[in-house]
Amino acid sequence: MRVEVDQVSIDVHGSTLVDCVSFVAPAGATVGLLGPNGSGKSTLLRAVYRAHRPASGSVRIGGEDVWCLRAREAAHRTAVVLQEEQREFEFSARETVELGRIPHRRPGRRTQGSDEEAVGRAIELCGIGEYADRPLGSLSGGERQRVAVARAIAQETPVLVMDEPTNHLDVLAQIELLELVSGLATTTIVALHDLGLAAAYCDHLVVLDRGRVAASGRPETVMTAALIAEVYGVTAEIGVNPLTQRLAVHLGAAIPRTITNPVVQPAGRKEPRHS
Ligand SMILES: Nc1ncnc2c1ncn2[C@@H]1O[C@H](COP(=O)(O)OP(=O)(O)OP(=O)(O)O)[C@@H](O)[C@H]1O
């Protein structure tokens, strides 16, 4: 299902955290949302999964504005994996994955066969069968993260929103997760910090810088040394990974900042991150 983010601006306590952001995630695409700490990725994602109403602009999923959908309809369209999920730690991993089926249940109805199938499939896809019956509180951060992904997959939505899902994961688990996500038929919007993984596994990248889109497009066009220097302030070289033939990002060093007397900046003007 296609996701259209159209001129979305988000204000919190009088500050504009996301400023007129637009992009389209075609049906089935994996879109990587990049940007330094505090650039507005999580805030923008909250508008996509209908947790924060934008001050202006719209998010349309399958052509419908998410704020015109009832909560249940929205939960049928979008599943979410957040950075640090607060869950009931006494629930088992399997019970946590079963929570993904709640939007599919009629009030008062028991679990159906289709629920069990979806949960079983998600547990297998995410490789969590070994500890499916252990309480969440006894699992490592990485294991809990996989359970959160399995819960979202069990929800069987056409759209998946993930906020830094590779946190806590070892290198193998990070690669497995991105291979899994990029292979799903769902439209996925995923906030990532690892530029190499984003370039290698996403179909489209959107780079935020201080709440605005600094670049958007296919990884080959977006992921340039100039963009990384401008947005992150780090030297970089872009190449091809000889093992995978995918795009590779080699990071160099921090570019020294030149301080240009911030005291005399006119009100409202943003100081360049680097010069
Ligand atoms: N409720 C709030 N009140 C005030 N400022 C906020 C609020 N929520 C977020 N911010 C600020 O908005 C900016 C964007 O935050 P956001 O969490 O969206 O960034 P991010 O790109 O996801 O960052 P990170 O990569 O560190 O997770 C930050 O400077 C943050 O401090």
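**Exercise 1. The chain as a whole**

Among contacts in the protein chain between residues at least 6 apart in sequence, what percentage join residues at least 24 apart? State also how many helices and strands the chain has, and what share of its residues is buried.

*Solution.* The model is a predicted one: local features need pLDDT of at least 70, side-chain atom pairs count only at pLDDT 80 or more, and totals for chains, interfaces and linings use all residues. Residues are numbered from 1 along each chain as its sequence is written.

Step 1. Two residues are in contact if their C-beta atoms, placed from the backbone, lie within 7 Å. Of the contacts between residues at least 6 apart in sequence, 64% join residues at least 24 apart.

Step 2. Helices (H or I, at least four residues) and strands (E, at least two) are DSSP runs, numbered from the N terminus. The protein chain has nine helices and twelve strands.

Step 3. A residue is buried if 20 or more other C-beta atoms lie within 10 Å of its own, exposed if 12 or fewer, and partly exposed in between, with C-beta atoms placed from the backbone. On that basis 37% of the 275 residues count as buried.

**Exercise 2. An open sheet**

Work out the strand order of the sheet that contains β1, and explain which strands stand at the edges.

*Solution.* Two strands pair if DSSP finds at least two bridges between them.

Step 1. Strand β1 (residues 3-12) is joined to strand β2 (residues 15-25) by seven bridges, and the two run antiparallel. One bridge partner pair is D11 with T16 in β2. The two strands form a hairpin with two residues between them, and H13 in the turn has a positive phi of about 50°.

Step 2. β1 also pairs with strand β4 (residues 56-61), antiparallel, over five bridges. Here S9 stands opposite S56.

Step 3. β4 pairs in turn with β5 in the antiparallel sense, over two bridges, and R60 stands opposite D65 in β5.

Step 4. The order is therefore β2-β1-β4-β5, an open sheet of four strands with antiparallel pairing. β2 and β5 (64-65) stand at the edges, each with a single partner strand, so one side of each is left without a neighbour in the sheet.

Step 5. Helix α1 lies across β1, β2 and β4, running at about 120° to β1; axes are lines fitted to C-alpha atoms, for helices over the stretch in contact, and angles run from 0 to 180 degrees between N-to-C directions.

**Exercise 3. Two residues of β2**

Are A25 and C20 buried or partly exposed?

*Solution.* Step 1. A25 lies in strand β2. A25 counts as buried because 24 other C-beta atoms lie within 10 Å. Leaving aside neighbours within four places in sequence, A25 is in contact with R2, V3, V31, T187, I189 and H204.

Step 2. C20 lies in strand β2. With 14 other C-beta atoms within 10 Å, C20 is partly exposed.

Step 3. Most residues other than glycine have a negative phi. C20 is not a glycine, yet has a positive phi of about 55°. R210, also not a glycine, has a positive phi of about 50° and lies in the loop between β9 (204-209) and β10 (212-217).

**Exercise 4. The ligand shell**

Which residues are around the ligand, and how do they divide by class?

*Solution.* Step 1. A residue is near a molecule if its C-beta atom, placed from the backbone, lies within 6 Å of it. The residues around the ligand are V12, H13, L17, G35, N37, G38, S39, G40, K41, S42 and T43.

Step 2. Ala, Val, Leu, Ile, Met, Phe, Trp, Tyr, Cys and Pro count as nonpolar, Asp, Glu, Lys and Arg as charged, and the others, Gly among them, as polar. The shell has two nonpolar, eight polar and one charged residues.

Step 3. Helix α1 (residues 41-48) gives the most to this shell, with three residues.

**Exercise 5. The largest nonpolar core**

How many residues has the largest nonpolar core, and which helix gives the most to it?

*Solution.* Step 1. A nonpolar core is a set of buried Ala, Val, Leu, Ile, Met, Phe, Trp, Tyr and Cys residues joined through C-beta atoms within 7 Å. The largest one has 69 residues, and V161 and I189 are among those with the most contacts inside it.

Step 2. Helix α5 (residues 141-154) gives the most to this core, with seven residues.
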